[in-house]
Amino acid sequence: MGKLKIAVYWAASCGGCEISVLEIHHHITQLMDAADLVFCPCLVDTKYADVEAMDDDAIDLCLFNGAIRTEENVHLAELLRRTSKTLVAFGACASAGGIPGIANASTLEALMERVYLTTPSTDNPDGVMPQPSTDMGEGVRLTLPKLLPMVKALHHVVPVDYTVPGCPPEGKQVWRVIEAVVSGDLPPPGAVLGAGDRTVCDECRLEKRDTKITAFVRPHELIPDNTTCLLEQGMVCMGPATRSGCDARCPDVNMPCRGCYGPAGDGFNEDAGLKMIGVLGGLLEPGNEDALRSLMDEIADPVGTLYRFGLPGSMLGRAAQAPGNRDDAE
Ligand code: SF4
Ligand code: SF4
Ligand code: SF4
């Protein structure tokens, strides 16, 4: 058998998922023996036209990271779906929209105005905004890909074979996926690879003592007792609603889980934020409704805290994308 062909693509991505591929450490030499990297914009100068010229299923494995934010992202998702035998939603952004997906809490217009006109550090007195097409004179026209009205996860635009969660996925997960492809020993399509089927709490060494929460604190406001559950000390820790598999690495160093492995349970259609609201409800001291409401109001940035990695696929996100609520609705 010849060498496998592997692609690593970034859509709306920070680049951290690419770095995580390097975290397979010494296995990188095994990977290089077994496979050629045929498309990876941050490492290899393959042009889009080269990929467009490929036959269907020419790539054995594509690790697609980043959310779907632009028409270019959609084009590459469709192209890599056609040219890849195995397409993996790699990392939290591709799996569930990730941090770019928090943008769905605003309209595209409000977002553009904030970013290009009103942030404290913006110096743009003429109100210049990016344009999809700019005539530079002398016959030169520069184009930018159009933004979509809403950020999406990869599976919202093309069928995905496997999901590898995490922000970013850990090296050991990455290697498991590559090993499975190299050996041909892949689980049935649809599987979440490199994660467990329990919650982060199940892997966490911090002890729950059934203490009720009387105030919420942010991590910089407290030196926590490093034997006790952070949630019970008032930090919003997403551990009860998040899929296991990372060995509870954030709570292990006294930082609350932010939910990067996605919702525990039946997959990315679960709503981690809603589940977490239920968990918080059970941990608050019963009292009058106003007192409880003002306690909940203490949670800083509730959307960014409860939906940091999964707003586009959540019930909130689906409601926002419903026809009539979308600014691209016909
Ligand atoms: S999952 Fe995390 S590391 Fe990967 S692209 Fe998104 S933000 Fe970056
Ligand atoms: S610190 Fe977080 S992950 Fe650990 S037990 Fe408490 S809620 Fe669960
Ligand atoms: S503890 Fe939570 S945020 Fe941290 S790596 Fe694990 S799943 Fe991600």
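1. Start with a term: two strands count as paired if DSSP finds at least two bridges between them. Keep that in mind while looking at this model, which is predicted. Now go to I6 and look across to strand 3, where its bridge partner is L61. That pair belongs to a longer run, since strand 1 (residues 4-10) and strand 3 (residues 59-65) are parallel and joined by five bridges.

2. Helix 4 (residues 71-83) is worth finding next. Helix 4 packs on the sheet and touches strand 1, strand 3 and strand 5 (84-90). Compare directions and you'll get about 135° between helix 4 and strand 5.

3. Now zoom out to the whole sheet. What is the order of the strands in this open sheet of five? Reading across, you get 2-1-3-5-9, and the pairing is parallel. Strand 2 (35-39) and strand 9 (162-164) are the edge strands; each has a single partner strand, so one side of each has no neighbour in the sheet. From one strand to the next, the twist averages 30°.

4. Have a look at the hairpin too. Strand 6 and strand 7 make it, with two residues between them. In the turn, E138 has a positive phi of about 50°. These two strands run antiparallel, and four bridges join strand 6 to strand 7 (residues 140-143). One pairing you can check by eye is G137, whose bridge partner in strand 7 is V140.

5. Is strand 6 (residues 133-137) well covered or hardly covered? Hardly: of its five residues, the number that count as buried is zero. The cut-off behind that count is 20 or more other C-beta atoms within 10 Å of a residue's own.

6. On domains, the assignment gives domain 1 as 4-99 + 148-183 and domain 2 as 200-299. Their C-alpha centres are 31 Å apart. Where they touch, seven residues come from domain 1 and six residues from domain 2. The domain 1 side of that contact has four nonpolar residues, two polar and one charged.

7. Ligand 2 has 14 residues around it, and those that come nearest are C201, C204, C229, C237 and G239. By class, its shell splits into twelve nonpolar, one polar and one charged.

8. Finally, ligand 3. Which residues are around it? Among them are the cysteines C246, C250, C257 and C260, along with R249, R258 and Y261. The classes in this shell come out as seven nonpolar, two polar and two charged residues.

Technical notes: Residues are numbered from 1 along each chain as its sequence is written. Chains are lettered from A and ligands numbered from 1 in the order in which they are written. This is a predicted model: local features need pLDDT of at least 70, side-chain atom pairs count only at pLDDT 80 or more; totals for chains, interfaces and linings use all residues. A residue is near a molecule or strand if its C-beta atom, placed from the backbone, lies within 6 Å of it. Ala, Val, Leu, Ile, Met, Phe, Trp, Tyr, Cys and Pro count as nonpolar, Asp, Glu, Lys and Arg as charged, and the others, Gly among them, as polar. Axes are lines fitted to C-alpha atoms, for helices over the stretch in contact, and angles run from 0 to 180 degrees between N-to-C directions. Two residues are in contact if their C-beta atoms, placed from the backbone, lie within 7 Å. Domain bounds come from an automatic or database domain assignment. A residue is buried if 20 or more other C-beta atoms lie within 10 Å of its own, exposed if 12 or fewer, and partly exposed in between; C-beta atoms are placed from the backbone.
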